Amino acid sequence: MTYHEVNFDGLVGPTHNYAGLSYGNIASERHQHLIASPKKAALQGLDKMEAVAGLGLVQGLLPPHERPHMPSLRQLGFSGSDAQVLQQAAMEAPALLSAVSSASAMWTANAATVSSSVDAGDGRVHLTAANLNAKFHRSIEHPGTVRALKAIFQDPEQFQVHDALPANPHFGDEGAANHTRLCADYGQPGVELYVYGREAFNPSAPKPERYPARQTLEASAAVARLHTLTDAHVVMAQQNPKVIDQGVFHNDVIAVGNRNVLFYHEEAFLNTEAMLAEIDAKLQGADLIPVCIRNDQLTVEDAVNSYLFNSQLISLSDSEMALVVPKECEDSDKVWTLLNTLTDDPTNPISQVKVMDLKQSMRNGGGPACLRLRVVLSEAEQKAVQHCLITPELVGKLRPWVEKHYRDELAQKDLADPQLLQESRTALDELTQILKLGSIYDFQL
Ligand code: SUG
């Protein structure tokens, strides 16, 4: 049976804005209250989906969430008509209104952790929605994520969608952004690398001092258990607390893997050698190819600013891979020179670089890899999710849909506008019809 990696990108929602909500994510803090362009953001995302599909990959899509999230505002004590709720929230708690308006579900690398049916003990694809409980604006995503995933991955014989872990900091879970599957080929047994930032039950274990570590070992272990993975398929590794303190809030800001290649910065992990040895020992059918970038080639600060490692590493053939990088990498002489050295080096299969302009998302700390959830699927499994896969016809419907419903500009003050809520609902209602998803939003139920 043939297996492919399918990338499900998050379609950017109509309320994309810059609220500075993510302490520890330097771009989000830096661009707080800038005027955003939801239209540009959504179109840039569609451009990437098309470009990756153009490189030969199967490309899927996850719908945006409904925002501003009125049920959250009502749960927190605001009442009256929708317009009154928005007005009150804008006056009394503007930061809260920004939080419930965030289009953060676009970063689908945080939507869930996914295990392939090849690795799972019960032979099904497992998806566990991430609780994202390190940040309030992200912690309200998982119910919507579960609904969307269940609408897409429907057949219980082939898929199991798990609810998020308990919403407690002990089980802080950020999904696939801290998870990489390494394998000889997608259909071969894989090694799933779970990367955590701290140990919740062991406060004396290493942890960052400045910024929060969002993912716990306990959460990673629970996800691996839910996914029926045996020890032969799992490696747990700790992120270097020093890089979290320099703005590496997810491991995918400092490392990316594909098949048997792991591209990473030398400071990314604690106990790197032991981790590499364990991956290599567990990997079947191929040797691990570690592609390490040393500190003297690129500092962690440069990596965080350029988002070099937040690229998508994708297979073009059995022997060639491409890196899909954000434009910020091309804009940095140091990073661009490094990329040229990398693609000229015959000891690794990375032979091509594709540059994408994702500035709207990047200003919130979301690069190419943040915007996609990787799901390895057999041809039969792929058939079952066909309605959410990109085709030129679907993109042909989505572009005019964005043009029609999305604003060119959005500032913080606009979030209280009841018209924005209405526009957003109209857009999402139409989208569920385009994608044939049925009713998945609270306002539709
Ligand atoms: O969780 N930014 C997101 C970025 C997520 C990036 N994802 C991965 N690395 N996989 C976050 O910090 C900022 C929103 C704002 O400030 O308006 C934000 O949520």
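These questions and answers walk through a predicted model. Local features need pLDDT of at least 70, side-chain atom pairs count only at pLDDT 80 or more, and totals for chains, interfaces and linings use all residues. Residues are numbered from 1 along each chain as its sequence is written, and side-chain values use heavy atoms, leaving out hydrogens and water.

Q: How many helices and strands are in the protein?
A: Both are DSSP runs, numbered from the N terminus. A helix (H or I) needs at least four residues and a strand (E) at least two. The protein has 17 helices and 15 strands.

Q: Which radius of gyration does the protein have?
A: The radius is taken over C-alpha atoms, and the globule rule is 2.2 Å times the number of residues to the power 0.38. With 445 residues, a compact globule would come near 22 Å. The protein agrees with this, at 20 Å.

Q: What percentage of the residues is buried?
A: Buried means under 20% relative accessible area (1.4 Å probe, protein chains only). Of the 445 residues, the buried share is 61%.

Q: Which helix gives the largest share of the largest nonpolar core?
A: A nonpolar core is a set of buried Ala, Val, Leu, Ile, Met, Phe, Trp, Tyr and Cys residues joined through side-chain atoms within 4.5 Å. The largest has 87 residues, and Phe8 and Phe153 have the most contacts inside it. Seven of its residues, the largest share, come from helix H2 (residues 38–54).

Q: How many residues are in the second, separate core?
A: This core includes Phe263, Leu308, Leu339 and Ile350. Its count of residues is 19.

Notes
Buried means under 20% relative accessible area, exposed over 50%, partly exposed in between (1.4 Å probe, protein chains only).
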